[in-house]
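Got the viewer open? Let's take a walk through the cysteines, the core and a few aromatic rings, one selection at a time.

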Amino acid sequence: MLGKKLVTAQKRGETRALCLGLGMVACSMMMYFFIGITIVPFYTKSVWTTETVCKVLKANIKDKVSCPNSEGSEDEEIFPYPCLQVWVNLTASGQEVMLYHTEDTLERNPKCSYVPDKLENSKEVKARIETIASNFKKYQTFPCYYDPGGTQTNVILSRLYPSKGLLFAFLWPTLMFTGGCLIIVLVKISQYVSVLSAWQ
């Protein structure tokens, strides 16, 4: 009687562990799919793939502007901000090009090197842009990214989704997938050992 209870409890535990392993594998697949349709397209779309060194030539703050590429949003049209323009010397080619914060900055407003968040206070935005401009004048040499194919003649300061960030995004679903497969394998080994022991 006690043996039957132990066998029943063992089967329940194996079933729960098997469900856990299958659930982890299914969740990891969903995470892979989500990363594949959100992060990967932005990573592959970016042409600024090669890192080089940029040297600041000038950093000017012009009159307040509004985002021209607002995609029909009226909120950005009524949100003026100082336009920071940073021109740098591209070490790889020796050209004078305009620097942008990220790929998204160029799409939102190609006239400015930095586009602030529209939810920020106007005074905070002005202070932040002035701080950024002074930092560029203080630290004139820094790493940047350019397009080796020549499609884009400008450069960006940082990529939205760098290679390390993409690898880190794939790390968690990979660990979950590996853990789920390991649980399934251990359950199958346990079942095989139980059957072998019962046969003997």
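Before selecting anything, one working rule: two cysteines count as a disulfide here when their sulfur atoms lie within 2.5 Å. Keep in mind, too, that this is a predicted model.

**Stop 1: the disulfides**

How many disulfides does a search of the whole structure find? Two. Count the bonded cysteines along the chain and the pattern reads 1-4, 2-3.

Start by selecting C54 and C144. Their sulfur atoms sit 1.9 Å apart in a disulfide. Now look at what is being joined: C54 belongs to strand β1 (residues 50-65) and C144 to strand β4 (residues 141-146), so you are looking at a link between distant parts of the chain, 90 residues apart. Turn the view to look along the S-S bond: the torsion there is about 70 degrees, so this disulfide is right-handed. Switch on a surface and check both ends. C54 is buried, at 0% relative accessible area, and C144 is buried as well, with a value of 0%.

Next, select C83 and C112. This disulfide has its sulfur atoms 2.1 Å apart, and with -125 degrees about the S-S bond it is left-handed. C83 is in strand β2 (residues 81-90), while C112 is in the loop between α3 (103-108) and α4 (122-138), so the bond ties together parts that are 29 residues apart in sequence. Are C83 and C112 buried or exposed? Both are buried.

While you have cysteines on display, click on two more. C27 is partly exposed, at 40% relative accessibility. C181 is partly exposed too, with a relative accessible area of 29%.

**Stop 2: the main core**

Hide the surface and select V88, L99, F136, F142 and V155. These are the residues with the most contacts inside the largest nonpolar core, which has 23 residues. Colour by element of secondary structure and you can see who contributes: β1, β2, β3 (96-100), α4 and β4 each give two or more residues to this core. Which of them supplies the largest share? That is β2, with six residues.

Now centre on F142 and show its surroundings. Leaving out residues up to four places away in sequence, F142 touches T52, V53, C54, V56, V88, L99, F136 and L157. You have met one of these partners already: C54 is an end of the right-handed disulfide.

Before leaving, select W48, Y100, L106 and I156. They are among the six residues of another core, which lies apart from the largest one.

**Stop 3: aromatic pairs**

The whole structure has four aromatic pairs by the search. A pair of aromatic rings is described by the distance of the centres and the angle of the planes, so have both tools ready.

For one of the pairs, go back to F136 and F142. Their rings are 5.5 Å centre to centre with 55 degrees between the planes, a tilted arrangement. F136 and F142 are both buried.

For another, jump to F168 and W172. Here the rings are edge-to-face, 5.9 Å centre to centre and 85 degrees between the planes. Trace the backbone between them: F168 and W172 are four residues apart in helix α5 (residues 163-199), so about one helical turn separates them. W172 is partly exposed, with a relative accessible area of 48%.

Notes:
Residues are numbered from 1 along each chain as its sequence is written. This is a predicted model: local features need pLDDT of at least 70, side-chain atom pairs count only at pLDDT 80 or more; totals for chains, interfaces and linings use all residues. Side-chain values use heavy atoms; hydrogens and water are left out. Rings of Phe, Tyr and Trp (its six-membered ring) pair if their centres lie within 6.5 Å; planes under 30 degrees apart count as stacked, over 60 as edge-to-face and the rest as tilted. Buried means under 20% relative accessible area, exposed over 50%, partly exposed in between (1.4 Å probe, protein chains only). A nonpolar core is a set of buried Ala, Val, Leu, Ile, Met, Phe, Trp, Tyr and Cys residues joined through side-chain atoms within 4.5 Å. Contact means heavy atoms within 4.5 Å.
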